[in-house]
Each structure stands twice: as structure tokens, then as C-alpha cells.
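Please open the structure in your viewer and keep the sequence at hand. The tour proceeds by selections, each followed by a short account of what is found there.

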Amino acid sequence: MTNPQQQQINWYAFYTTPRAEKRVLERLEGEGVTAYLPLHRTPRVWSDRIKLVDLPLFSSYVFVKCKAFELFQYLKISGISRIVFYDGKPAVIRQSEIDAMAEFLEVARGKTLATGDEVEILTGSMKKKAGKILKIKKKYVFLRIDQLAATVCVNIESIAPLNRIK
């Protein structure tokens, strides 16, 4: 006789090998599995450029929606290390928690720069200088840098909001 709890469709979590989350998501979706990988966009700085990249909100975790007994067949998918367990059973993630992650990411994605925001310059000769946004154009912003008593024009991808604890 099958356990009714094993027949319910719930969200579960897989732990993946390092930096394999996106490939695991593709493979799971290729198998027809409903899967979710919460991604957030963040600037990454290299010596010659800045690029906005999508990184997992939780490193090495991918969420799947399926029946509990189906989890074990997905362990064969390359990049999946193990099922996340809690109290001896696969950990069930509530739909409200998945929705909260999606809502958080949507709100965070909607945050845009505005006149008066304090930002830090990430590259170039003004690297690590902080300033206040005076004006925003399509690809550039004008910043007032009080340390230098100057106004500068900077590529919008070369700045990041200044995180200050109040």
C-alpha cells in the first residue's frame, strides 16, 4: 500500500555540485520536471569591464515540484549531488516559501537608481569613490563626488548602490 504523502506533489530541494545550478535546471526541465532556480542580477567586476550576471540566490540549490518517490530517479541527472532531507525525509518546501522567494526577487529587480541615491564607482580612475546621483541619462549618470568637489559622468554599468546601514 502506498503512502498518501508520497503521492502528493510538493516542492523539494536538490543540492548540486558547485556552480552547476543552471545546467541542472536545464536538465531537469528537459526531463519535463517543474523546477525553480531563484536568480538575482548582480554586477561582476573584471579588470577590463563590468558585466551584470545572474547568480543563484542560494548556491548549490535547485527546487523541484514532484512526488516524493520521483526524487530518487532524478539523482541520476548529472550535477545533482543529493536530495535535501529534514527529519529523515525529503524536506518539503511550502508553496508560500517559493512564492516569497519569487516576490523578493521581483521587488529587488524593480529597484532602480534614482536621483539622490548614493552609489560607488566600480572601475576606472575613480574606482571606489562614492557620489550622489544628480542626473540619469540612458547609459550614463552624472555624479556629485563631494570628496573631490566635482561632478563626473560615468557609465551606468560602472556603478553600484552604496549599501549603508542606518
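Begin by selecting the strands β9 to β13 in this predicted model. They form an open sheet of five strands in the order β12-β11-β10-β9-β13, with antiparallel pairing. Which strands stand at the edges? They are β12, residues 150-155, and β13, residues 159-161. Each has a single partner strand, so one side of each is left without a neighbour in the sheet. Neighbouring strands of this sheet are turned against each other by 45° on average, direction ignored. As a general point, the strands of a sheet pair through backbone hydrogen bonds, in either a parallel or an antiparallel manner.

Next, select residues 130-136, which form β10, together with residues 140-145, which form β11. These two strands run antiparallel and are joined by four bridges. Within this pair, look for isoleucine 133, whose bridge partner in β11 is leucine 143.

Now move to β9, residues 118-121. How do the side chains along this strand point? They alternate: Val119 and Ile121 point to one face and are buried, while Glu118 and Glu120 point to the other face and are not buried. This follows a general pattern, for in a regular strand the side chains alternate between the two faces of the sheet.

Keep β9 selected and add the strands that pair with it. Three bridges connect β9 with β10, and the two run antiparallel. The pairing of β9 with β13 is also antiparallel and spans three bridges. Valine 119 is a useful residue to centre on: its bridge partner in β10 is glycine 131, and in β13 it stands opposite proline 161.

Then select the cysteines 66 and 153. Is cysteine 66 buried or exposed? Cysteine 66 has a relative accessible area of 4% and is therefore buried, the limit for this class being under 20%. Cysteine 153, with a relative accessible area of 45%, is partly exposed. How many disulfides does the structure hold? The number is zero. For orientation, a disulfide is a covalent bond between the sulfur atoms of two cysteines.

Finally, select Phe72, Leu75 and Phe85 and display their surface. Together they make a nonpolar surface patch of about 280 Å². Phenylalanine 85 belongs to strand β7, which comprises residues 85-86. Because its relative accessibility is 43%, phenylalanine 85 counts as partly exposed.

Note on methods
Residues are numbered from 1 along each chain as its sequence is written. This is a predicted model: local features need pLDDT of at least 70, side-chain atom pairs count only at pLDDT 80 or more; totals for chains, interfaces and linings use all residues. Side-chain values use heavy atoms; hydrogens and water are left out. Two strands pair if DSSP finds at least two bridges between them. Axes are lines fitted to C-alpha atoms, for helices over the stretch in contact, and angles run from 0 to 180 degrees between N-to-C directions. Buried means under 20% relative accessible area, exposed over 50%, partly exposed in between (1.4 Å probe, protein chains only). A disulfide is a pair of cysteine sulfur atoms within 2.5 Å. Patches are made of residues with over 30% relative accessible area and no salt bridge: like charges are joined within 9 Å, nonpolar side chains (Val, Leu, Ile, Met, Phe, Trp, Tyr) within 5 Å. Accessible areas come from the Shrake-Rupley method with a 1.4 Å probe; for residues, only the protein chains shown count as cover. A salt bridge is a side-chain nitrogen of Lys or Arg within 4 Å of a carboxyl oxygen of Asp or Glu.
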